[in-house]
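User: I'm new to reading protein structures, and I'd like to learn how the labels get decided. Could you take me through some of them?

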Amino acid sequence: MRIGVFFRLSLLASAAATAACWTSPTARSPEGPINRDNRPMNFSNTNTANAANANRTPSANSNTEMSEKKGFAANLPADFEQPTDDVGRKLLREYGSVFVARGVNVPLKVVFRDEPEVAAFQGTMRTSAASIGGFQLTLQAAAMDALRTATEQAKAKGLVISPRGADSAKRTYNETVALWKSRVDPALVHWVKQGRMTTADAERLKGLSTFEQVKEVLRLEEQGIYFAKDLSKSIIYSVAPPGTSQHLSLLAFDVKEFDNAQVRSVLNENGWFQTVASDLPHFTYLGVKEVELPSLGLKKITDSGRTFWVPDV
Ligand SMILES: [Zn+2]
């Protein structure tokens with residue numbers, strides 16, 4: 001399909017240039033003093049909420065379906081809301097690997113609608129907070145445990161694994177909205193000036209809920225009306241559409257040393273993989289060994305010597 005092909009080519013073309021990992025250019029101040037000098041991790045303060053959803057069995061559990069369980073869709077949680085529109089399906093293709101992660105809580109929909117929905121989801125999981133590289137960061141407990149092990153193994157090899165910034169792990173919905181607006185609002189002004197949209201169209205789009213606005217913006221981009229900062233490519237290379245970030249699931253970690261192949265290897269050995277081809281510092285906790293990823297319905301894509309595991313759909 002034309003859009004799908006275009007989208008994939010865009011991803012590859014922009015992979016090298018886009019290393020921002022959806023990080024705000026106006027990074028929020030961490031609670032403690034900033035120290036980017038590879039300070040060792042200080043893991044602490046594990047909070048335990050209910051973990052009832054962890055280790056959920058995937059869908060397709062009858063005997064007749066067992067032989068088909070290798071597919072991506074069959075490995076999604078049983079109560080996962082499959083997207084029914086093109087935008088939702090596109091987002092599932094691009095960011096969906098996290099939904100088949102094991103031993104952790106994963107969202108049951110592709111896009112969270114608002115802050116209360118995200119907060120409710122984040123309240124269902126076992127979390128663990130740690131001071132890492134001078135930043136206080138929070139992940140799901142299993143993900144933090146694996147990161148701790150990876151860090152120790154890295155240290156034994158003379159390597160360091162540290163976060164890129166204060167927003168390298170958990171994020172809230174509202175944190176992603178402000179950044180989204182910082183791209184969308186100036187782009188609307190531009191496209192009205194160019195005569196590609198009317199003022200009324202732009203005002204109508206601005207008046208939508210963020211949830212509806214995401215769909216509308218991605219639809220406009222299919223017509224070449226782009227919302228990235230330089231207006232030449234999709235906004236998803238600049239910021240995460242609110243409600244879609246894997247950081248909302250506390251299963252993503254942006255790694256400062258992402259260029260180091262040995263660092264990537266140690267992370268891979270501990271369940272952390274790259275799953276978003278346009279986002280080089282971004283790692284996703286999937287909770288299994290690399291050899292098991294194909295059986296979750298993920299496929300391997302290699303680009304510039306890096307390995308990404310994406311939904312095989
Ligand atoms: Zn990230």
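User: Why is the contact between the side chains of arginine 306 and aspartate 259 called a salt bridge?
Analyst: A salt bridge needs a side-chain nitrogen of Lys or Arg within 4 Å of a carboxyl oxygen of Asp or Glu. Here the N to O distance is 2.5 Å, so the pair of arginine 306 and aspartate 259 meets the definition. The two residues are 47 apart in the chain: arginine 306 sits in strand β8, and aspartate 259 in the loop between β4 and α9. Helices (H or I, at least four residues) and strands (E, at least two) are DSSP runs, numbered from the N terminus. Keep in mind that this is a predicted model, where local features need pLDDT of at least 70 and side-chain atom pairs pLDDT 80 or more, while totals for chains, interfaces and linings use all residues. Residues are numbered from 1 along each chain as its sequence is written, and side-chain values use heavy atoms, with hydrogens and water left out.

User: Is arginine 306 buried or exposed, and how do you know?
Analyst: Buried means under 20% relative accessible area, exposed over 50%, and partly exposed in between (1.4 Å probe, protein chains only). Arginine 306 has 10%, so it is buried. Its partner aspartate 259 has 55%, so that residue counts as exposed.

User: What makes aspartate 230 and lysine 233 a salt bridge too?
Analyst: Their N to O distance is 3.1 Å, and the cut-off already given therefore covers them. Aspartate 230, at 43% relative accessibility, counts as partly exposed, and so does lysine 233 at 25%. The structure holds 10 salt bridges, and another one joins lysine 109 to glutamate 117, with the closest N and O atoms 3.1 Å apart.

User: What is notable about the phi of leucine 231?
Analyst: Most residues other than glycine have a negative phi. Leucine 231 has a positive phi near 65°, and it lies in the loop between α8 (210–221) and β4. Leucine 250, in the loop between α8 and β4, has a positive phi near 60°. As for exposure, leucine 231 has 22%, so it counts as partly exposed, while leucine 250 has 1% and is therefore buried.

User: How do you know that β7 and β8 pair?
Analyst: Two strands pair if DSSP finds at least two bridges between them. β7 (residues 298–303) and β8 have 6 bridges, so they pair, in the antiparallel sense. One of the bridges links threonine 302 to threonine 307 in β8. The hairpin has 2 residues between the strands, and serine 304 there takes a positive phi near 55°.

User: Why are β4 and β5 called edge strands?
Analyst: The open sheet has 3 strands in the order β4-β6-β5, with antiparallel pairing. β4 (252–254) and β5 each have a single partner strand, so one side of each is left without a neighbour in the sheet. Between β5 and β6 there are 2 bridges, and tryptophan 272 has tyrosine 285 in β6 as its bridge partner.

User: What makes a group of residues a nonpolar core?
Analyst: The members must be buried Ala, Val, Leu, Ile, Met, Phe, Trp, Tyr or Cys residues, joined through side-chain atoms within 4.5 Å. The largest such core has 73 residues, and those touching the most other members include Leu147, Phe227 and Trp272. Domain 1 (97–171 + 250–311) and domain 2 (173–244) both give residues to this core, so it lies between them; the domain bounds come from an automatic or database domain assignment.
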